Amino acid sequence: MGMEGLSERWSVDQVWGLAPDASSRTAGSKLAAAGPWAESGAAGEAVWGLCRGSGSRPYQTVVDLQGPAYKCSCPSRKFPCKHALGLLLRWAQGDVPETPAEAPAPEWAAEWLASRREKAERKAAAEPAAERTPDPAAAAEARRRAEQRRQRIAAGAAELEQRLADLLRDGLATAPRGAVWEETAARMVDAQAPGLAARVRELGTLPASGPGWPARLLAECSLLHLLDQGFLRLDELPEPLAATVRARVGLTVDAAGLLRGGTLRDDWLVLAQEDADDGKLVTRRIWLWGAGTERMALLLAYGAAGRAPEQSLPTGLVLDAELAYYPGAYPLRAALGTVHAGPRTPAARGGREERAVPPGAGIAAVAAAYGAALAADPWLEGIPAVLTDLVPVPEEGDEGWQLAERTGDRALPLHPAAGRGPGVWQLLAVSGGGPVTVFGEFGHAGFRPLTTWSAGTAVPLTGAVAAVADAGAPIAAAKGGGAWR
């Protein structure tokens, strides 16, 4: 493994964006010093090194930058572990030497890298075989099971409609608390409708969510009623909306079949990566923007409780890849297919300069886009948006922060959790009192900033992400947050 095709170094901020949690960032920063490391090197799409730990043998750490993917002999269950983070930080700072052709990677690193390449080649070779016509008997059985599940969900939706009718007849003041709704949620799980179960559990938290809870409860009941009715009348809906309803109640689409149905290839800029841990599952959301299509896409990855998902993409890098969008009235979620190259830093390709910062818009334009999105999918909590030329300023009464246009015509409050978290200080530091471009999620509770840019370099607002993930309250409990003006 020589210097040919040596990957461009990432920035320190991009490495920080890969950390699964705050403790990993702290531990990784301690391993960014030269002391614990030996036999470090970088070549092609890989970085490796030996890190001295508490045991008699050093930990063998290697990173495949093309994934990125990580391998370490330490017992950590996190991806990347603190050793991989420390190694990447040293590489980003230029402290890992580039390895010449006559000094290849050590055997333990080369074997793992070669096995990854072989698996990728086998997968590519097997894809045509997967496209063969399925067995008719198996297809008929799959249709039978799908119809059975649809009937169970319909029965669950009908039961839920009765519960909502009872609640509204008796009055919101008599709304039951958590235990009753937990029982109802369990019945929705039995009906194989996890999407309905999640919304029912949220209803149980609202009576204790602070002033204004009756309005929030009524709004959530209305959305749940709309979803119930949508599923019970699924055959009457146009197919894009029907697909949205199916997804909202918890009916999944097979990613492999989705990818076989056609993909969209583009140079995808990684806009943000954030994790949320509900105690049972870690959900990773990765936002992408297509340079050619100018479309947003959301990748979802999952890990067991307390364990970060393996899929991770550094913010600010670009990958040449194929995506397939899940069906829906407002398609955002996508499945990642073949990755042809990357992730890499934006550069000149094909006679054009790649964008390191996607085009953005003002508050009015993004608000109008959100309104149109809600018309297509009423259950959206927010949409991805790039806002430009905005200045972070404190809200009146010192209740939080907002992003204001320099003209003073409009201001947008930050999401209540994000506006109180350390991420806002990162945003203020980058801004320095001047206008910034920010990517995040724009919704009725305010704007959740996820990434900003400094001199064209992406800066993940990790503090803002952590503030939202650790808030401990459901999204609906924050719906009484600031209003736009």
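# A tour by selection

Select residues 59–64, strand S3: five of its six residues are buried, so S3 is largely enclosed by the rest of the structure. The model being viewed is a predicted one.

**Neighbours of S3.** Add residues 46–51, which form strand S2; S2 and S3 run antiparallel and are joined by six bridges. To see one such pairing, pick Gly49 and look across to Thr61 in S3, its bridge partner. Next add residues 69–72, strand S4. S3 and S4 are also antiparallel, with four bridges between them. Val62 can serve as the marker here, since its bridge partner in S4 is Lys71. Follow the chain from S3 into S4: a hairpin of four residues makes the connection.

**Helix H2.** Now select residues 22–30, helix H2, and pick out Ser24 within that helix. Is Ser24 buried or exposed? Its relative accessible area is 4%, under the 20% cut-off, so Ser24 counts as buried. Show Lys78 and Leu85 as well: Ser24 touches both, leaving aside residues up to four places away in sequence.

**The H5 and H6 pair.** Select residues 136–170 for helix H5 and 178–190 for helix H6; their axes come within 10 Å and cross at roughly 160°. An angle over 145 degrees counts as roughly antiparallel, and H5 and H6 are therefore roughly antiparallel to each other. The crossing of H5 past H6 is left-handed. For the contact itself, display Gly156, Glu159, Leu160, Arg163 and Leu167 on H5, then Trp181, Glu183, Thr184, Arg187 and Met188 on H6. Coloured by class, the residues of this contact come out as four nonpolar, four charged and two polar.

**The five-stranded sheet.** The last stop is an open sheet whose five strands pair antiparallel in the order S7-S6-S5-S8-S9. Which strands sit at the edges? Select 296–304 for S7 and 334–344 for S9: each of these edge strands pairs on one side only. Looking across the sheet, the twist averages 35° from one strand to the next. Then select residues 281–290, strand S6, which runs antiparallel to S7 and is joined to S7 by nine bridges. Within that pair, zoom to Trp287 and find its bridge partner in S7, Leu298. With side chains switched on, keep in mind that in a regular strand they alternate between the two faces of the sheet.

Key:
Residues are numbered from 1 along each chain as its sequence is written. This is a predicted model: local features need pLDDT of at least 70, side-chain atom pairs count only at pLDDT 80 or more; totals for chains, interfaces and linings use all residues. Side-chain values use heavy atoms; hydrogens and water are left out. Two strands pair if DSSP finds at least two bridges between them. Helices (H or I, at least four residues) and strands (E, at least two) are DSSP runs, numbered from the N terminus. Axes are lines fitted to C-alpha atoms, for helices over the stretch in contact, and angles run from 0 to 180 degrees between N-to-C directions. Buried means under 20% relative accessible area, exposed over 50%, partly exposed in between (1.4 Å probe, protein chains only). Contact means heavy atoms within 4.5 Å. Angles under 35 degrees count as roughly parallel, over 145 as roughly antiparallel, 65 to 115 as roughly perpendicular and the rest as oblique. A crossing is left-handed if the near helix is turned anticlockwise from the far one by less than a right angle, and right-handed if clockwise. Ala, Val, Leu, Ile, Met, Phe, Trp, Tyr, Cys and Pro count as nonpolar, Asp, Glu, Lys and Arg as charged, and the others, Gly among them, as polar.
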